[in-house]
Amino acid sequence: MLTVTYGNDITKNTYDMLAASDIGSYLGAGMSVSLKPNLVVPCPASDGATTHPEVVEGIILFLKDFGIKQIKIIESSWVGDSTLKAFEYCGYNELSKKFDIPLIDLKQDSYKKYRYDAFDIAVCDEVMNTDFLINIPVLKAHCQTKLTCCMKNLKGCIPDSEKRRFHTLGIHKPVAALNAVIKTGYNVVDGICGDLSFEEGGNPVDSKRLIAGRDPMLIDSYCAELIGYHPDEIGYIKFGKQYGLGAYFSQDTKLVELNAQSKPSVDMIRDRVSDKYSHLISENSACSACYSSLIYALHRMSKKPVPKDIHIGQGFKGKTGSGIGIGNCANGFDQFVPGCPPKATEIIKALSEH
């Protein structure tokens with residue numbers, strides 16, 4: 001079952017959507033509940049990259065009325081950024097004070113390893129110790145995986161070292177395996193204004209949409225089609241299907257729509273900024289934060305000539321050659337931009353000088 005709602009009253013719509021959903025079948029009043037938004041960078045939700053605090057507020061109000069007393073907000077921003085700064089910039093400090101709910105920076109958390117298939121995956125203890133995890137991703141594009149939503153948002157539940165390692169493993173299969181390890185209680189997708197070109201935000205699409213459901217893979221397959229992809233085009237969804245983690249959205253899926261009169265007329269179509277620049281880049285196991293810095297730099301230089309010998313990724317460690325290396329892993333090239341991740345401003349400077 002999926003429940004979808006539309007409109008501008010984000011907090012009320014979130015509450016009403018959960019009230020109309022089947023979440024009550026899985027919740028118990030004595031449970032501890034952890035809320036996992038997407039605060040990948042310290043930017044306001046209006047930029048299209050982070051979860052609206054109003055969505056989280058609607059969930060908190062629903063949980064309190066349901067009788068839930070133990071609630072936490074947990075998150076880990078992407079590698080190279082500060083979760084605490086994201087909590088502050090994204091409006092979560094105010095939310096924490098208003099409801100007396102702790103904010104947990106998973107970058108500071110302990111972790112244990114869990115085995116699934118061929119993977120030993122380190123997962124933060126806060127994630128595994130909660131009774132009920134509510135995953136609150138943003139529906140948006142991603143420069144490497146095309147889509148990021150429920151399944152990929154769980155990458156914020158692992159240590160930074162593990163995030164880097166996921167990219168050396170090809171990102172898609174370990175993300176699918178991670179979803180086998182972490183049992184999500186429920187998912188609430190923020191599709192209010194996600195950036196459908198770039199996961200760091202800056203080009204939001206006003207869609208006024210929220211989506212809720214139990215099965216992360218079902219929701220992700222639905223969201224993939226919303227922005228113009230078949231689910232099998234998204235590697236981690238395809239691997240999730242092979243792992244038997246869930247079902248794809250189909251005509252047999254029960255879909256409940258609320259506030260249909262507020263459904264936006266704009267179509268959610270794919271228009272990924274990164275597609276425009278992939279022919280310039282030699283990429284090998286690049287981390288998202290590093291790759292995104294490069295894409296942002298190239299996007300800023302879209303009207304200027306740029307070199308076609310750009311190298312990025314952990315696969316270039318120890319290798320040498322002509323051209324430009326982006327990030328510490330590619331420091332063996334004739335010219336390289338240091339950082340983990342490097343700043344887009346430094347990449348722009350290096351590309352301009354090359």
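Here is a quick tour of some helix, sheet and ring contacts in this structure. Keep in mind that the model is predicted. We'll start with a pair of helices, move on to a parallel sheet and the helix lying across it, and finish with a ring pair and a hairpin.

**Helices α1 and α2**
- Helix α1 covers residues 10–20 and helix α2 covers residues 53–66; their axes sit 7 Å apart, at an angle of about 45 degrees.
- That angle makes α1 oblique to α2, and the crossing of the two is right-handed.
- On the α1 side, the contact is made by Ile 10, Thr 11, Thr 14, Tyr 15, Leu 18 and Ala 19.
- Their counterparts in α2 include Val 55, Ile 59, Leu 61 and Phe 62, along with Glu 54, Glu 57, Gly 58 and Asp 65.
- Sort the residues of this contact by type and you get eight nonpolar, three polar and three charged.

**The parallel sheet**
- Four strands make up an open sheet, and reading across it the order is β13-β14-β15-β16, with parallel pairing.
- β13 (281–283) and β16 (333–337) are the edge strands, so to speak the outer rails, since each pairs on one side only.
- From one strand to the next, the twist averages 30 degrees.
- Zooming in on β15 (residues 321–326), four bridges tie this strand to β16.
- If you want a landmark there, look for Ile 326, which stands opposite Val 337 in β16.

**A helix across the sheet**
- Helix α12 (residues 344–353) lies across three strands: β14 (310–312), β15 and β16.
- Relative to β16, helix α12 runs at about 145 degrees.

**Aromatic rings**
- Counting rings of Phe, Tyr and Trp whose centres lie within 6.5 Å, there are six aromatic pairs.
- One of them is Phe 316 with Phe 333: the ring centres are 5.6 Å apart and the planes are at 75 degrees, so this pair is edge-to-face.
- The two rings come from distant parts of the chain, 17 residues apart: Phe 316 belongs to the loop between β14 and β15, while Phe 333 is in strand β16.

**The β5–β6 hairpin**
- Strands β5 (residues 111–116) and β6 (residues 119–124) run antiparallel and are joined by six bridges.
- Lys 112 has Val 123 in β6 as its bridge partner.
- Two residues lie between the strands of this hairpin, and Asp 117 takes a positive phi near 55 degrees.

Methods:
Residues numbered from 1 in each chain as written. Predicted model: local features only at pLDDT ≥ 70, side-chain atom pairs only at ≥ 80, totals over all residues. Heavy atoms only, no water. Axes fitted to C-alpha atoms, helices over the stretch in contact; angles between N-to-C directions. Parallel < 35°, antiparallel > 145°, perpendicular 65-115°, else oblique. Left-handed = near helix turned anticlockwise from the far one by under 90°. Contact = heavy atoms within 4.5 Å. Nonpolar A, V, L, I, M, F, W, Y, C, P; charged D, E, K, R; others polar. Pairing = 2+ DSSP bridges. Phe/Tyr/Trp six-rings, centres within 6.5 Å; stacked < 30°, edge-to-face > 60°.
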